[in-house]
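Reader: I have a sequence and a model in front of me. Please show me how to read them, one feature at a time.

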Amino acid sequence: MNTSLLFLGINIVVISILLSLYGFLAGDSGLVGIAASLGLAGGVIVAYSRVPQDPATASLLSYSRTLVNAVSSALEDLDLLESAICIAKRGAELLLVYSKAPCPAKVDPGLGFAGGSPYLAIPIELPSAGGGAEALSSSTAGEPLERVLRSLLVEEFALCRGVRVDVEGESYRVYITGLAEFLKDFTRYPVDPYTVLVLSTLAQATPAECVRVVQRSYVPEGLLLIARVERSCGVG
Amino acid sequence: MRSRVSLFILVYTLMNVLSTVALYLLKEQRVDVYVSLNILSYYVSYAVVRPSTLSSIVRVLNAALFALFIAIVAYRVYEVLAP
């Protein structure tokens, strides 16, 4: 919240009220019109004082870049830059897992070994949006999932302009179009917000234990993500 | 200008001041004309600057201003059709 704007808006509203009173008393409708216009402008400024400001976004981006660089360095050291990405459910907890193995079954947050290969597991907490991602059966999940993803990515976070979901059996093709300019850079890194949010939403919206990325391709108009949900994770 | 919201408020305020001063100099006495031009200034500056905020308060404000504008226009149309 921007307190300077808030005080400016409130002051403008107070002045408009005084001006309208004077206009009424003086019988000048023009002055009342000016006061009404001024009051509306004050209201708009008060409303916009409660909007997150761009400097906050800039600092958040810088912070995210630092974290993504750190995770990318860790993945590089573990030789996991070309690894498989999946979400593993551990009770109510979601873990984003980078591993050479398809999707290890027993993983703990942090670094570890499963099935003879190293993995990096990052705990994820999905933000609630659009009433949350309710559990859906895979046969009917396409439309509600699209609605949940649109609510989260387009309406809540404004990360993209559109989302479309096609369901083919256990596979979900998610098309994300109109990526936000300031987040396009992140798509070059192993940890990108679109993949993380789509996978975690899928994991929460379906009863599957494991959600695996089959294909992740970036095209000029957006991102195509093909994910497969599995009842149980692969390697123990 | 560091922030798009600041730029939006600057553009909106400038347009608002210009339209209000012009109307007052033209000796306009109808209050709704001032308000409707103010709302138009808001939407024009919003479309030009695109403060890119999808927060709920801005959505509510947009809807409320649109409803107010529609009400003013409807009242004027009603006045013409049924004087």
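**Reading the two chains**

Author: Start with the contact between the chains, which takes 20 residues from chain A and 27 residues from chain B. Two residues are in contact if their C-beta atoms, placed from the backbone, lie within 7 Å. This is a predicted model, in which local features need pLDDT of at least 70 and side-chain atom pairs count only at pLDDT 80 or more, while totals for chains, interfaces and linings use all residues. Residues are numbered from 1 along each chain as its sequence is written, and chains are lettered from A and ligands numbered from 1 in the order in which they are written.

Reader: Which elements give two or more residues to the side of chain A that touches chain B?

Author: They are α2 (29-49) and α3 (54-77) of chain A. Helices (H or I, at least four residues) and strands (E, at least two) are DSSP runs, numbered from the N terminus. The largest share of that side, 13 residues, comes from α2(A). By kind, the residues of the side of chain A that touches chain B are 12 nonpolar, five polar and three charged. Here Ala, Val, Leu, Ile, Met, Phe, Trp, Tyr, Cys and Pro count as nonpolar, Asp, Glu, Lys and Arg as charged, and the others, Gly among them, as polar.

Reader: How many helices and strands does chain A have, and how many does chain B have?

Author: Chain A has five helices and eight strands, in the order α-α-α-β-β-β-β-α-β-β-α-β-β. Chain B has three helices and zero strands.

Reader: Which residues of α1(B) are buried?

Author: The general idea first: an α-helix has 3.6 residues a turn, so residues three or four places apart point the same way. A residue is buried if 20 or more other C-beta atoms lie within 10 Å of its own, exposed if 12 or fewer, and partly exposed in between, with C-beta atoms placed from the backbone. In α1(B), the buried residues are B:V5, B:F8, B:I9, B:Y12, B:N16, B:T20 and B:L23. Seen down the helix axis, they fall within an arc of 95 degrees, so they line one face of α1(B). The arc is that of the directions from the helix axis to the C-beta atoms. The face turned away from that buried side carries the exposed residues B:L14, B:L18, B:V21, B:A22 and B:L25.

Reader: What does the UniProt record annotate in chain B?

Author: The unreviewed UniProt entry gives "transmembrane region" for residues 7-25, 31-49 and 61-78 of chain B. UniProt positions are given in the numbering used here, feature names are shortened, and annotations may be inferred rather than shown by experiment. In the model, residues 7-25 of chain B are 100% helix and 0% strand, with end C-alpha atoms 27 Å apart.

Reader: Where does the largest share of the largest nonpolar core come from?

Author: A nonpolar core is a set of buried Ala, Val, Leu, Ile, Met, Phe, Trp, Tyr and Cys residues joined through C-beta atoms within 7 Å. The largest one has 44 residues, and those with the most contacts inside it are A:I87, A:A88, A:V97, A:L202 and A:V211. Its largest share, seven residues, comes from helix α5 (residues 193-205) of chain A. Apart from this core lies another, of 27 residues, among them A:A36, A:A41, B:F8 and B:Y42.
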